[in-house]
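Here are a few friendly notes to read alongside the structure. They stay with one pair of neighbouring parts and how they meet.

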Amino acid sequence: MSDTIKFTIDGKECTGKKGQLLVDAAAENGVYIPVLCHWKDVKPAGSCRICTVKVNNRYVTACTLPIDENCGDVENNTPELQDIRKAIVEMLFVEGNHFCPACEKSGDCDLQALGYKYQMMVPRFPYAFERRELDAKSPKIFLEKNRCIFCKRCIRMIKDEKGRSYFAFKGRGKHLEISMDEKLAANISDELAQEAMDICPVGAILKKEVGFINPIGKRKYDNEPIGSDIEKSK
Amino acid sequence: MEEKIKSIIKTSGNSPDRLMDILLSVQKEFRCVPEEAVSLIASALGISEADVNQTKTFYHFFSSKPVGKYAVYLNNAAVSGMMGMAEVADEFEKQAGIKFGETTPDGLISLDYTACIGMSDQEPAALINSVVFTELTREKVKEIVAGMKEGKTVESMVPEYGDGNNAHPLVKSMVKNNIRKAGPVCLGDYDAGKTLSKALSMNPKDVISEVQKSNLRGRGGAGFPTGLKWLFCSQESGERYVICNADEGEPGTFKDRVLLTERAKMIFEGMTIAGWAIGAKEGIVYLRYEYDYLLKFLNSILDEMREKNMLGKNIMGKGFDYDIRIQSGAGAYVCGEESALIESTEGKRGEPRNRPPFPTQSGYNEKPTIINNVETFCSAVKIVEKGGEWFSNMGTEESSGTKLLSISGDCKQPGVYEVEWGMTIKEMLDMVDATDVQAVQVAGPSGVCVPPSQFSRKIAIEDLATGGSMIVVGKQRDLIKDIVLNFMEFFEDESCGSCITCRSFNMILRRMVEKIVEGRGIKPDLDNMVQWGEIMRNTSRCGLGQTSANPVSTTISNFRELYESKVKDVDFQSDFDMKKAIIESCEAVGRPPVVHE
Ligand SMILES: Cc1cc2nc3c(=O)[nH]c(=O)nc-3n(C[C@H](O)[C@H](O)[C@H](O)COP(=O)(O)O)c2cc1C
Ligand code: SF4
Ligand code: SF4
Ligand code: FES
């Protein structure tokens, strides 16, 4: 069984398969490493940086690191890394415009859930108050750019039968925005529109005509903090 | 339009990985990439329009609206600012009757800013339809704009040609080489083809070990051992590629420009030797768009080398097939980062990849690829010619050989200097005749701002590492406003935006510096900026985000008193400015704001 890799996370002994991404291997061992852009079995984006851990004293993103013999000791829940993650959550809240009480994804939103997990009170960073648009051209989807955290899940996962992307980035740096292909999105199926809404970690992609289907109290993170399912699995 | 675009797509190769070339040709033809073109390209390549736009909107030199018949791109890098850019910009606006960011109503002239164009030794400089104009003054701007109004060609407005190959019939540029000091490696004597013939009679493994013996480390900035990189790649299986990084985007560097002008054959020869060493059949030069004025010339050199059988089939009768092509960029600093460069070469937005895998394992077209800087390839030629030991006897313990320095800013002799590693900053300043120096910015914005108390430090990978950019900042400059703020604006624009940390922190830090410059800063801001920069360094994917807090952190550490003189010594101050907030509403009702302090 040379394919089995032994490593530790914060001292806890873990095993995984060689080449498996650290974040997935950790989950199988009951260790939660927070993610916003990662989606199992989809090519990693490595863009949200929230899964940053320390491997042999170097910072790496757990969603992009295939494990091997050199993994050794991984640091995950240290105060330093917790603070970095909290900072990243705060940063996302000041960068976009997130009015949780008015958002349909509230309670189902990974960003909000991480805000609670890291007990964010007031962001340490100055608000950007960037003006961003809402794209409502598709008959099936609202693209609420104010809430996008640029995780690229929609870009990587939502494609038509010819492999063409419905979603893409526009611009770069501070002008970066998410965009939707007007022609393709005009004919997007209900199923795909629903899938796009489900994979979006925040409330940036919303399906039109239906709304607030899950009542408060029955939403993903209403009763348990994010990551509990993984932590309880072992 | 449809016919034209279809023929462009056809000649560029009807494939998504040629998207950069397609967009470059469309932009050149129509002075923009109109929506109709996007739609035609998307259907021809079988990708969505959003995907075409994703590449199009990433690059500075692609536009949705037509740029002027004369499209002016004035360099707004720090050195350009130091050399009088503001005056030049003002004159352009006056003469053209428009502001920067605008096009004249008749479509004749457009004015835009652009990041460093690799002319720091002859600023202020601008690109006009990819023709370079250097050392601009109000007078020269008047003449240029008058020429535009008369309908002169841009080429005919170039007053005189520069030295060396700048005057070559295929270049005809006013750019000067400014080679102030030639050394024995890159700018010394060179006999084209001699070393290639030697290398091809060697075993590829021996070529690599000679390079390893020299201890040559990459000249693009990161300093990775070149021989080791070649070795790793040679050990992979299947098709392999050689890429030459001629993106030279770090503000303040221009030495690759000079090598491309005067040592093109040497660069291509080095790439061919590398191809032989690692077992590649194809080499690609990624040439920044700002050096488009050299493109025809460089292609003619490639043709000449093909004719002489230094490229092509069965090179020099040694049974080695290898050729080189040039890929143009379109204006993005981050495309100098090796994996972003590969993405761009594949027709995508220049977003750095996650590592692992490294390019030597999976690079261009997911095949093992070595990427080296222009100067690295030139150095490799001399190493194979004269031996690794000859090379490693120069320089310092950890940095062997010579380095080309691009020195600019407040000095009397700006230009390119080939020196042995190990020179101190003080010696360098004497060499370029600089007095009253406040600081030296080593390695460009992503490097270190060195104060006079540290001028005895050495230019070497183990002390002050540099890809070559050296900006001398005189005492008369406002360091925070002219340098730090300019650098942060640069990073804010040039971040690819993929990492949340790099995208946001560069914006936040730029705003913080602006706040201090405007006199609204408070003391705790300083430590906050350093700490936030540290988070960005530790969590960003590529070298850009990992170093872009340096302008802030190295100046706060080395020039703290300067910052302290500008910030208020209080613990808290509201960022909310009542006067500012109500100005608009007061204007609307037509009365001055009354604020009770
Ligand atoms: C943001 C960024 C920009 C870069 N720009 C350049 C460049 O313009 N030219 C260059 O040779 N290397 C550049 N590099 C370094 C390259 O990633 C790479 O290390 C280099 O091309 C390798 O060649 P070398 O080993 O010969 O230096 C850049 C790196 C980063 C992170
Ligand atoms: S719209 Fe949603 S899924 Fe798409 S990038 Fe933005 S946050 Fe991610
Ligand atoms: S560090 Fe900045 S430039 Fe580099 S990948 Fe991340 S966002 Fe892009
Ligand atoms: S989950 Fe790893 S970078 Fe986003």
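**Notes on one domain interface**

1. A single salt bridge is counted between domain 3 of chain B and domain 4 of chain B. Please keep in mind that this is a predicted model. Lys403(B) pairs with Glu375(B) in a salt bridge, and their closest N and O atoms are 2.6 Å apart.

2. Polar contacts add to the picture: nine residue pairs, both members at pLDDT 80 or more, are in polar contact across the interface of domain 3 of chain B and domain 4 of chain B. On the domain 3 side, helix H11 (residues 255-262) of chain B gives the most to the surface touching domain 4 of chain B, with three residues. By class, that side of domain 3 of chain B has eight nonpolar, five polar and five charged residues.

3. For orientation, chain B is divided into domain 1 (2-56), domain 2 (70-160), domain 3 (185-392), domain 4 (403-474) and domain 5 (479-587). Taken over C-alpha atoms, the centres of domain 3 of chain B and domain 4 of chain B are 27 Å apart. Each of these two domains brings 18 residues to the contact.

4. How much area do domain 3 of chain B and domain 4 of chain B bury between them? The figure is about 1,400 Å², with 62% of it on carbon and sulfur atoms. Within domain 3 of chain B, the residues losing the most area to domain 4 of chain B are Arg219(B), Phe254(B) and Lys255(B), which together make up 34% of what that side buries.

How values were computed: Residues numbered from 1 in each chain as written. Chains lettered and ligands numbered in written order. Predicted model: local features only at pLDDT ≥ 70, side-chain atom pairs only at ≥ 80, totals over all residues. Heavy atoms only, no water. Domains from an automatic or database assignment. Contact = heavy atoms within 4.5 Å. Buried area = accessible area lost by both parts, 1.4 Å probe. Salt bridge = Lys/Arg side-chain N within 4 Å of Asp/Glu carboxyl O. Polar contact = N/O pair within 3.5 Å; in protein donor to acceptor, adjacent residues only side chain to side chain. Helix = DSSP H or I, 4+ residues; strand = E, 2+ residues; numbered from the N terminus. Nonpolar A, V, L, I, M, F, W, Y, C, P; charged D, E, K, R; others polar.
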